[in-house]
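Colleague: Please take me on a close look at how helices pack in this model, starting from one helix of your choice. I work at the bench, so plain words and clear cut-offs would help me most.

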Amino acid sequence: MYEWKDINWRKTERCVFKLQKRIFKASQQGNVRLVHKLQRLLLKSWYAKLLAVRRVSQDNKGKKTAGIDGVKSLIPKQRMALANNLKLGNKSKPTRRVWIPKSNRDEKRPLGIPTLYERALQALVKLALEPEWEVKFEPNSYGFRLARSTHDAIGAIYSCINKKAKYVLDADIAKCFDKINHQKLLAKLQTYPKLRRQIKAWLKSGFMDGKKLFPTNEGTPQGGVISPLLANIALHGMEEHILQYADKQKWKYPNGKSMSNRDKRQSISFIRYADDFVLIHEDLEIVQECQQIINEWLAEMGLELKPSKTKISHTLNQHDGNVGFEFLGFNIRQYKVGKHHGAKNTQGKQLGFKTLIKPSAENVKTHLRKLGEIVDSHKSAPQVALIKRLNPIIRGWSNYYSPVVSAETFSDCDYYFFEKIKRWAYRRHPMKNRTWIMRKYWHTEKNDNWVFSTREGENPLKMARHQDTKIVRFVKVKGNRSPYDGDLIYWSSRLGSHPEMPAEKAFLLKKQKGRCTYCGLHFQDGDLLETDHIIPKSKGGKDNRDNKQLLHRHCHDLKTTKDVTGTQDKEPLERGAG
């Protein structure tokens, strides 16, 4: 009998990924019978069950929340038992209802937390379903998909408005997860009966709010492992429906010649991120017609647009003041410029405007408010504790907005936050003059006299600043590319260049050529990456990049255990080669 610590995760992941690639290729070829056969094989695979259990019980980085059975975590022996017991059925335990506040703080979002068994089974089913649907999903769908992010969606928007000012329908689907029609969703799945029965059981399982059981006649619960995938499947086809509408229209070029079907399709852009989407076209009437078509399409799925978050605007200044729009925390707008500046059309003619994408004003306010709350909660804490708490938030927020026009915003954030930090320092020393206070907390580094840092040790800890983040443009993912196509070099290189990847991890990724040095596998989107000291600090290792490596989280756990116990690998590190 194997124990959890003896599992060869390299072999496990390779075997599962090989099956997923075969499912992906069979789906590309339209061989439905082979897809279902391979999915059955994957769902019975011992390796897939181990991987599913690891992802929900060990890799889960979020707050551990129990389902109705009260189980939050598992010991290694329980993980093995859970993997042994995973199998498809036609029943499911209800989820536990948890309410969390939304960003506007006035509303609350309902979550349905399944038990650990149901989470593991959902993770197993997701391993089988995702490769099939990655082939089918539309190219401009970016939310809740492997290796696709908000930055890809913003890049797609920039590409379609950069050369021409257009009208934009910016919309949000009301209570998308809670209102999806079960019959329509199950019909879209088109899967084999046994898997269909299991998914239907999850949809109909109900939820416990306190001690009361409530039925679920519609929707897929937020909080489930498979819920985002099911929501994407439910919304799949909206883009194609709009393009089919375009095919039937008799649109013409400015010279009166009829437009080809290809050009009609290219003139409409539909970009979706989960339940938020934008529809872009240069004609207002066409945008309004498309809004009505979308409403009718959503009604069939039991959904509707949210009126308060649905509006039509224009990318360039209009007489009614309706200009630009906000999407995924970015403000997207075109500004008029002189006749010798701005974008050019395909013939090289100046268009008289330039497209700028910036952080939204609301997100900037929220960010500064959060930093201010942290400073207020650290009134009596030492400077080191305050800096350690602030740095990850400042760097993370700045990295998120680093691919767009953010330099001025970063500078403004630093100016306003500098005033907040000054008040924090003055309050701590009411009997000292301000010159003494400034010299205590702000020091000189190279040509900068205002570095908020400590004096302790050879390497003083300094507070990160927004404007220290470099502005680096992000390259959008190519069309219908998917991690299941097997091009691991392309995907691992994209992982290292992602805006939200910290600089040190990006450096180590490049140094390691996208591979984990412990198991030898390429890092993939969704993997939890952790920095490890090759020679532990407890054994005299230095805290510099030469003594650091990037590992999977589970590989890091195994290496740390061996470092602490002093045991050596039975297999040398070369096992990861190839």
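Modeller: What follows starts at one helix, moves to its neighbours, and ends with a few single residues.

A word on the ground rules first: this is a predicted model, in which local features need pLDDT of at least 70, side-chain atom pairs count only at pLDDT 80 or more, and totals for chains, interfaces and linings use all residues. Residues are numbered from 1 along each chain as its sequence is written, and side-chain values use heavy atoms, with hydrogens and water left out.

Let's begin at helix H9, residues 193-203. Helices here are DSSP runs of H or I with at least four residues, strands are runs of E with at least two, and both are numbered from the N terminus. Within H9, the buried residues are Leu195, Gln198, Ile199, Ala201, Trp202 and Leu203. Buried means under 20% relative accessible area, exposed means over 50%, and partly exposed is in between, using a 1.4 Å probe and protein chains only. The cover over these H9 residues includes helix H2 (32-44), H5, helix H8 (182-189) and helix H10 (227-235).

Two of those covering helices deserve a visit, H5 and H10. Two packed helices are described by the angle between their axes and the distance between the axes. For H5 and H9, the axes lie 12 Å apart and the packing angle is about 135 degrees. Axes are lines fitted to C-alpha atoms, for helices over the stretch in contact, with angles from 0 to 180 degrees between N-to-C directions. The pair H5 and H9 is therefore oblique; angles under 35 degrees count as roughly parallel, over 145 as roughly antiparallel, 65 to 115 as roughly perpendicular, and the rest as oblique. H5 and H9 cross in a left-handed way, where left-handed means the near helix is turned anticlockwise from the far one by less than a right angle, and right-handed means clockwise.

From H5, the residues making this contact are Glu118, Leu121, Gln122, Val125 and Leu129, and from H9 they are Leu195, Gln198, Ile199 and Trp202. Contact means heavy atoms within 4.5 Å. By type, the residues of the H5 contact with H9 are six nonpolar, two polar and one charged. In that count, Ala, Val, Leu, Ile, Met, Phe, Trp, Tyr, Cys and Pro are nonpolar, Asp, Glu, Lys and Arg are charged, and the others, Gly among them, are polar.

At the start of H5 you can stop at Thr115, in the loop between strand S2 (108-113) and helix H5 (116-136). Thr115 counts as buried because its relative accessible area is 3%. Beyond its neighbours within four places in sequence, Thr115 touches Gly67, Ile68, Asp69 and Lys93. On the other side of H5, Phe144 sits in the loop between H5 and helix H6 (150-161). With a relative accessible area of 42%, Phe144 is partly exposed. The phi of Phe144 is near 55 degrees, a positive value in a residue other than glycine. Most residues other than glycine have a negative phi.

The other cover helix, H10, is mostly covered itself, with eight of its nine residues buried. These are Ser227, Leu229, Leu230, Ala231, Asn232, Ile233, Ala234 and Leu235. Gly237, just after H10, has a positive phi of about 105 degrees.

Further along the chain comes helix H11 (residues 238-248), whose axis comes within 10 Å of that of helix H13 (residues 284-300), crossing at roughly 130 degrees. H11 is therefore oblique to H13, and their crossing is right-handed. H11 brings Met238, His241, Ile242 and Tyr245 to the contact, while H13 brings Ile286, Glu289, Cys290, Ile293, Ile294, Trp297 and Leu298. Sorted by type, the residues where H11 meets H13 are nine nonpolar, one polar and one charged.

To finish, here is one stop in a strand. Phe452 belongs to strand S13 (residues 448-452), and at 4% relative accessibility Phe452 counts as buried. Phe452 and Met463 are 11 residues apart along the chain, and their C-alpha atoms are separated by 5.7 Å. Outside its neighbours within four places in sequence, the residues in contact with Phe452 include Trp424, Tyr441, Trp442, Leu461 and Met463.
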